[in-house]
Amino acid sequence: MSAEASVGSHAADSAQSANSQPAFHNSDELRNRGLLGSKYVKLNVGGSLHYTTVQTLSKEDSLLRSICNGGTEVSIDSEGWVILDRCGRHFGLVLNFLRDGSVPLPEDHKELDEVLKEAQYYRVQGLAQLCIGAMQKQKDVFETVCRIPMITSAKEEQKIMASCKKPVVKLQNNRGNNKYSYTSNSDDNLLKNIELFDKLVLRFNGRVLFVKDVLGDEICCWSFYGEGRKIAEVCCTSIVYATEKKQTKVEFPEARIFEETLNILIYENGRWSGPGGLHLLDARGSGASLDEEGATGGERRVRRIHVRRHIMHDERGPGQQTVYKD
């Protein structure tokens with residue numbers, strides 16, 4: 001074979017080889033025709049490299065399908081990598097969803113929100129709906145949890161009461177804040193107050209904010225707030241004056257506490273501002289005295305309810321000591 005024939009044959013083979021291979025290095029041409037004719041796709045998502053198929057990317061009517069069929073222009077580097085200017089942290093999860101139709105989602109709410117944003121950007125509706133459903137389940141779980149804030153300072157208490165739109169019930173219990181010994185049934189009554197608090201928390205969860213205070217001066221005291229101010233107070237402690245020593249007595253006025261909790265519901269959802277909303281029930285009972293904190297002008301008063309102190313003789317025989325009780 002002559003030299004000219006050999007050169008011509010080599011040129012023809014080179015031209016045929018060039019025509020049979022896609023020119024991935026030609027970015028302008030690839031940008032115009034998308035990834036048509038390709039079977040495999042190399043994706044560079046924010047530095048995270050992924051190798052997949054056009055069939056996988058085309059499973060949903062998404063941005064990725066639009067990239068494959070040329071509907072969306074993309075940048076392709078000289079090595080054939082499709083450049084996507086997104087964070088690649090969750091892109092593998094997007095690909096796995098397209099491959100399998102389902103994928104385990106992260107339990108962390110922040111990460112789940114990030115996956116949702118990626119699904120919405122790539123318009124993968126199936127994954128987006130899966131994320132929304134998972135977030136709704138998390139929200140339902142959180143709403144059923146009873147959360148009881150603990151007061152750590154007077155400033156924090158004022159901030160909570162002023163910012164909370166719900167009625168507020170605060171139980172102050174501090175058994176150690178006492179210089180006298182307790183009566184025999186005081187410990188039991190203190191526990192009963194705490195148990196009632198827990199029951200009310202469960203019953204009115206979502207309607208009333210319940211808080212605890214273990215730093216105040218009172219040993220056991222209930223406070224009821226509405227419209228950001230104190231409406232009523234039920235103090236459960238008093239002093240027993242015996243002959244030889246003083247004792248602290250803790251009461252358990254269950255009916256009074258429950259009644260005041262019901263009264264505070266009038267401030268729920270702004271109902272206090274309606275007709276007659278400012279009228280609270282006058283809950284004077286035979287076993288309690290009502291002391292109202294004075295106010296001038298149009299200000300409303302705090303109803304302070306304390307166990308009425310009275311003198312009782314014990315059932316001892318004549319000549320034995322008299323005990324002053326509450």
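**A tour of the predicted chain**

Select residues 292-299: pLDDT (the predictor's confidence in each residue, from 0 to 100) stays under 50 here, and the model has 10 contacts beyond four places in sequence for this stretch, a contact being heavy atoms within 4.5 Å. Where pLDDT is low, the predicted coordinates should not be read in detail. Residues are numbered from 1 along each chain as its sequence is written, and side-chain values use heavy atoms, with hydrogens and water left out. This is a predicted model, in which local features need pLDDT of at least 70 and side-chain atom pairs count only at pLDDT 80 or more, while totals for chains, interfaces and linings use all residues.

Next, select residues 14-32, where pLDDT also stays under 50 and the model has 14 contacts beyond four places in sequence. For the chain, the mean pLDDT is 77, and 70% of residues reach 70 or more.

Now show the secondary structure: 10 helices and 14 strands. Helices (H or I, at least four residues) and strands (E, at least two) are DSSP runs, numbered from the N terminus. Among the elements, helix 9 (residues 186-203) has the highest mean pLDDT, 94, and helix 1 (residues 3-20) the lowest, 45.

Go to helix 6 (residues 109-121) and select Lys117 and Asp113, which are four residues apart and so separated by about one helical turn. They form a salt bridge, with the closest N and O atoms 2.6 Å apart. A salt bridge is a side-chain nitrogen of Lys or Arg within 4 Å of a carboxyl oxygen of Asp or Glu.

Select Lys170 and Glu157 next. Their side chains meet in a salt bridge of 2.8 Å, N to O. The pair links distant parts of the chain, with Glu157 in helix 8 (residues 154-163) and Lys170 in strand 6 (residues 168-173), 13 residues apart. Keep Lys170 and add Asp213: this salt bridge has its closest N and O atoms 3.7 Å apart. Asp213 is in strand 8, 43 residues from Lys170. Are Lys170 and Asp213 buried or exposed? Both are buried; buried means under 20% relative accessible area, exposed over 50%, and partly exposed in between (1.4 Å probe, protein chains only).

Last, select Cys221, which counts as buried because its relative accessibility is 2%. The closest cysteine sulfur, in Cys235, is 4.8 Å from the sulfur of Cys221, too far for a bond. The structure holds zero disulfides, a disulfide being a pair of cysteine sulfur atoms within 2.5 Å.
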